[in-house]
Amino acid sequence: MLLHINPAYLFKLLYGFPPWMPADGNLGDKNFLMGKPGHREGTTMHVKKYLLKCLHRLQKGPGYTYKELLVWYCDNTNTHGPKRIICEGPKKKAMWFLITLLFAALVCWQWGIFIRTYLSWEVSVSLSLGFKTMDFPAVTICNASPFKYSKIKHLLKDLDELMEAVLERILAPELNHANATKALNSSIWNHTPLVLIDERNHHHPVVLDLFGDRHNGSSNSSASEKICNAQGCKMAMRLCSLNGTQCTFRNFTSATQAVTEWYVLQATNIFAQVPQEELVEMSYPGEQMILACLFGAEPCNYRNFTSIFYPHYGNCYIFNWGMTEKALPSANPGTEFGLKLILDIGQEDYVPFLTSTAGVRLMLHEQRSYPFIRDEGIYAMSGTETSIGVLVDKLQRMGEPYSQCTVNGSEVPIPNFYSDYNTTYSIQACLHSCFQDHMIHHCSCGHYLYPLPRGEKYCNNRDFPDWAHCYSDLQMSVAQRETCIGMCKESCNDTQYKMTISMADWPSEASEDWIFHVLSQERDQSTNITLSRKGIVKLNIYFQEFNYRTIEESAANNIVWLLSNLGGQFGFWMGGSVLCLIEFGEIIIDFVWITIIKLVALAKSLRQRRAQANYSGPPPTVAELVEAHTNFSFQPDTYPHSPNTGSYPNEQALPIPGTPPPNYDSLRLQPLDVIESESDGDAI
């Protein structure tokens with residue numbers, strides 16, 4: 001068979017230029033190929049030549065069998081054990097094979113332990129002490145009472161009258177209060193009433209209405225109510241939903257706790273319906289609360305404080321928050337270089353049933369962080385001077401994968417409802433936002449004590465009658481708390497202020513008269529005393545020392561530790577190094593490549609056998625083969641033709657038989673330099 005091949009086409013395909021072009025791609029004419037030399041064509045030719053040689057090498061494979069490759073590895077590896085397997089006698093070969101296998105298993109076992117230890121991401125904690133001038137912390141102060149009773153009394157009128165009737169019923173149960181309860185606003189009471197539960201018979205507890213004549217739906221309960229004054233009765237709050245068809249009871253061990261929680265719940269319903277601007281006006285203003293201020297040697301006043309509205313405590317005031325101005329540094333440690341405040345809490349105007357604690361709630365925190373003063377704050381008593389010495393602890397946690405901390409909260413899937421304050425991330429903000437998000441999802445409204453996202457409304461009895469029952473279930477839900485704790489993350493960098501607190505009576509009896517006269521004159525321009533010991537609080541906040549502690553996490557097991565241990569175990573048990581591992585990897589690659597070549601050859605042989613099985617006619621003669629390659633219209637006439645059928649049975653065209661060209665490398669068209677280089681390599 002003669003094949004007519006165009007040599008110019010082959011040269012163009014293999015080398016990128018025609019055979020009449022010089023090897024450098026330049027014909028001597030500077031204007032050839034737009035006047036530029038053929039450097040790019042020459043580089044392409046070398047790359048194609050290299051790829052062609054690589055293709056030939058891959059087609060041949062490693063050139064060994066499995067046994068030959070294994071013997072070659074054992075004879076040339078730098079690992080000590082495999083060499084002895086092929087060099088010793090039969091008995092020693094078996095012994096060295098077992099020893100090598102045992103030590104290899106020990107190495108793999110030790111490696112597994114070290115890798116598992118490294119992937120456990122353990123940390124070590126280091127404590128270091130430093131000394132430097134530090135920024136004074138942000139100080140948040142709030143009154144224990146959120147509102148002035150004189151300004152909010154009109155909103156709580158019906159609730160206070162109902163509260164007084166409840167207390168009379170608890171303190172004097174034997175009297176008849178039917179006439180007194182008729183004048184009360186029953187809508188508040190009917191929505192969430194207080195009940196008595198007689199648990200003296202644990203199998204059949206009895207629920208008694210505090211104001212009604214019903215006893216589990218029946219009458220004649222006066223005798224039972226009188227008997228229920230014993231220790232076996234407990235007070236509870238009844239929370240209902242679905243128009244009273246589904247109710248739960250929140251039990252209390254003391255009537256004091258019951259009436260306080262009931263009053264706070266009803267007051268929350270009232271405050272949620274009042275705009276925040278009006279609530280701010282009903283709280284304590286800064287000019288009346290902050291009587292005197294001194295930071296170091298510099299005087300200050302209420303204008304140096306930032307006011308925010310905190311639902312638990314009304315108006316709160318933050319000193320040195322750092323939102324608009326740079327944080328103030330502390331010149332030196334000690335009382336004279338700290339912050340001194342004199343505050344008036346106005347205890348005589350407290351809401352009687354809403355707040356049972358008198359004093360100032362205060363908190364120290366970082367600049368630009370939101371003060372969760374209910375969770376982390378402390379109280380300062382009225383009529384005392386409270387000195388607070390501060391020590392600083394700085395915490396630095398490692399992030400992923402060592403701990404689940406976050407730098408700015410961007411990885412936390414919970415929306416931050418405190419973002420309007422432009423404060424830094426904290427886990428308290430995440431937990432409160434998570435609870436409010438669940439509250440909106442399950443109860444269709446948000447709680448008054450937490451920020452509200454846009455487009456949502458606060459819960460109240462008028463718009464959401466079932467909100468109290470839903471809120472109580474959500475508050476006591478363990479699954480909800482675990483969900484929020486699992487989704488929220490701690491901050492990677494945190495600063496904690498450790499406080500040492502001491503108190504003393506202030507002012508003393510000897511100085512009480514003149515101090516109150518001066519303070520009354522400065523605030524109210526009155527010659528009479530308008531202040532009293534019950535409302536005055538003095539605070540001294542200062543650094544005890546400029547020493548600060550840094551608690552820092554670091555990786556207990558780093559990559560250097562892992563590599564040194566892996567290499568030590570491999571060298572101790574096998575006498576090997578990294579080069580031995582590279583050799584082993586090379587042998588694995590050769591094994592895989594030999595396997596692939598064998599599988600490809602097996603697939604080809606199966607395909608050829610399948611093609612031969614489909615061709616059932618006699619083998620073609622030499623004349624037919626030659627005619628088939630020279631005359632494409634030639635078809636061997638091995639079957640009789642029929643006018644109703646095709647040329648072959650079952651209407652299947654037989655493949656044109658042919659003989660493939662010989663698979664010899666010597667017949668391949670290659671450049672002379674390639675042939676010479678290969679022949680030189682074979683000679684070597």
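Me: Leaving aside neighbours within four places in sequence, which residues is Trp 467 in contact with?
Reply: This is a predicted model, and the contacts of Trp 467 described here leave out neighbours within four places in sequence. Among the partners are Leu 265, Thr 268 and Asn 269, along with Met 439 and Cys 445. The rest of the list is His 447, Cys 459, Asn 460 and Asn 461.

Me: Which helix gives the largest share of the largest nonpolar core?
Reply: The largest nonpolar core has 64 residues, and Trp 467 is one of those that touch the most other members, together with Leu 194, Trp 262, Tyr 263 and Phe 271. Eight residues of this core, its largest share, come from helix α12 (residues 255-271).

Me: How many residues are in the second, separate core?
Reply: Members of the second core include Phe 136, Leu 341, Ile 378 and Tyr 497. This separate core has 34 residues.

Me: Is Ser 477 buried or partly exposed?
Reply: Ser 477 sits in the loop between α17 (467-475) and α18 (478-487). Its side chain reaches the backbone nitrogen of Gln 480 at 3.2 Å. Buried would require under 20% relative accessible area. Ser 477 has 21%, so this residue is partly exposed.

Me: How far apart are the end C-alpha atoms of residues 94-114?
Reply: UniProt, in an unreviewed entry, places the feature "transmembrane region" at residues 94-114. Over this stretch the chain is 100% helix and 0% strand. The end C-alpha atoms are apart by 30 Å.

Me: What is the mean pLDDT of the protein?
Reply: A pLDDT of 70 or more is reached by 78% of the residues. Over residues 641-652 the pLDDT is below 50, and that stretch has nine contacts beyond near neighbours in sequence. For the protein, the mean pLDDT is 80.

Note on methods:
Residues numbered from 1 in each chain as written. Heavy atoms only, no water. pLDDT = per-residue confidence, 0-100. Contact = heavy atoms within 4.5 Å. Core = buried A, V, L, I, M, F, W, Y, C linked by side-chain atoms within 4.5 Å. Buried < 20%, exposed > 50% of the residue type's maximum accessible area, 1.4 Å probe, protein only. Helix = DSSP H or I, 4+ residues; strand = E, 2+ residues; numbered from the N terminus. UniProt positions renumbered as here; feature names shortened; annotations may be inferred. Polar contact = N/O pair within 3.5 Å; in protein donor to acceptor, adjacent residues only side chain to side chain.
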